[in-house]
Amino acid sequence: TRTQVALLVETAVPGTGAQPLRQLHWAPAARLLVSEQIGQRFGIEANLGFGQQGLKLADTERGPFLGTLALNGPLGERAGFFVEAYGTDRAALTTGTTAGLYWRPQPLLRLDVGTGRVMGGPGAGSATVGAGLAMRLGR
């Protein structure tokens, strides 16, 4: 087995998404991810973090806690898949699922695309779409 730890940073883009999920301001978040390889092919990942509903210090009082549990695996030499369950909470728990694909054009770079559905909370029934870029720093 191989354990990896990473820091994830992200933000919601203002004015995008379904109405119950739409943010009026940038909503930065950070999460600590722990990943464990299972056998030769698959990995399991869990992360926990915190987000804000704006860029001011006072916005931290309204930000949600974030958590996910995911399974990933290869679909070839440079591509793979992931499936994920997530939850966010501050005042009302929001839960959902996401599935997607990733591609590694270089060993230290990963591009993700995914889609999902909000299962519970204010945005229940809404579809989600996302994209990500991951870069490994160091060796």
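## Strands S4 and S5

Phe65 has Asp89 in S5 as its bridge partner. Asn72 has Phe82 in S5 as its bridge partner. These pairs belong to a predicted model. Strand S4 covers residues 65–74, and 10 bridges join S4 to S5. The two run antiparallel. A hairpin of 4 residues makes the connection from S4 to S5.

## The whole sheet

The sheet is open and holds 8 strands. Their order is S1-S2-S3-S4-S5-S6-S7-S8, with antiparallel pairing. S1 and S8 are the edge strands; each has a single partner, so one side of each lacks a neighbour in the sheet. From one strand to the next, the twist averages 20 degrees.

Strands of a sheet pair through backbone hydrogen bonds, either parallel or antiparallel. In a regular strand, side chains alternate between the two faces of the sheet.

## From S5 to S8

S5 and S6 run antiparallel and are joined by 10 bridges. Their hairpin has 4 residues between the strands. Within this pairing, Phe81 stands opposite Leu101 in S6.

S6 spans residues 94–106 and S7 spans residues 109–120. This antiparallel pair is also held by 10 bridges. Gly100 is matched with Gly114 in S7. The S6–S7 hairpin has 2 residues between its strands. S7 then pairs with S8, residues 127–135, through 9 bridges, again antiparallel. Asp112 has Gly132 in S8 as its bridge partner. The S7–S8 hairpin has 6 residues between its strands. In that turn, Gly121 has a positive phi of about 110 degrees.

## Salt bridges

How many salt bridges does a search of the whole structure find? It finds 2. One joins the side chains of Arg31 and Glu10, at 2.3 Å from N to O. Arg31 lies in strand S2 (residues 27–38) and Glu10 in strand S1 (residues 3–12), so the pair ties together parts 21 residues apart in sequence. Arg31 is buried, with a relative accessible area of 13%. Glu10 is partly exposed, at 36%.

The side chains of Asp112 and Arg110 also meet in a salt bridge, at 2.7 Å from N to O. Asp112 counts as partly exposed, because its relative accessibility is 21% and buried means under 20%. Arg110 counts as buried, because its value is 13%. Side chains of opposite charge can pair when their charged atoms come close.

## Aromatic pairs and charges over rings

A search of the whole structure finds 2 aromatic pairs. In one of them, the ring centres of Phe42 and Phe81 are 6.3 Å apart. Why is the pair edge-to-face? The ring planes stand at 65 degrees, and planes over 60 degrees apart count as edge-to-face. The pair links distant parts of the chain. Phe42 is in strand S3 (residues 42–51), Phe81 is in strand S5 (residues 79–89), and 39 residues separate them. Phe42 is partly exposed, with a relative accessible area of 36%. Phe81 also counts as partly exposed, at 22%.

Both Phe42 and Arg110 appear again in contacts between a charge and a ring. Arg41 lies over the face of Phe42, 5.9 Å from the ring centre. The charged end of Arg110 sits over the ring of Tyr102, 4.1 Å from its centre. Arg110 is thus placed over Tyr102 and in a salt bridge with Asp112.

## Met119

Met119 is in strand S7. Is Met119 buried or exposed? Met119 counts as exposed, because its relative accessibility is 53% and the cut-off for exposed is over 50%.

Beyond its neighbours within four places in sequence, Met119 is in contact with Thr95, Gly96, Thr97 and Ala124. Met119 and Tyr86 are 33 residues apart in sequence. In space, their C-alpha atoms are 9.7 Å apart.

Terms used: Residues are numbered from 1 along each chain as its sequence is written. This is a predicted model: local features need pLDDT of at least 70, side-chain atom pairs count only at pLDDT 80 or more; totals for chains, interfaces and linings use all residues. Side-chain values use heavy atoms; hydrogens and water are left out. Two strands pair if DSSP finds at least two bridges between them. A salt bridge is a side-chain nitrogen of Lys or Arg within 4 Å of a carboxyl oxygen of Asp or Glu. Buried means under 20% relative accessible area, exposed over 50%, partly exposed in between (1.4 Å probe, protein chains only). Rings of Phe, Tyr and Trp (its six-membered ring) pair if their centres lie within 6.5 Å; planes under 30 degrees apart count as stacked, over 60 as edge-to-face and the rest as tilted. A charge sits over a ring if NZ of Lys or CZ of Arg is within 6 Å of the ring centre and within 35 degrees of the ring normal. Contact means heavy atoms within 4.5 Å. Axes are lines fitted to C-alpha atoms, for helices over the stretch in contact, and angles run from 0 to 180 degrees between N-to-C directions.
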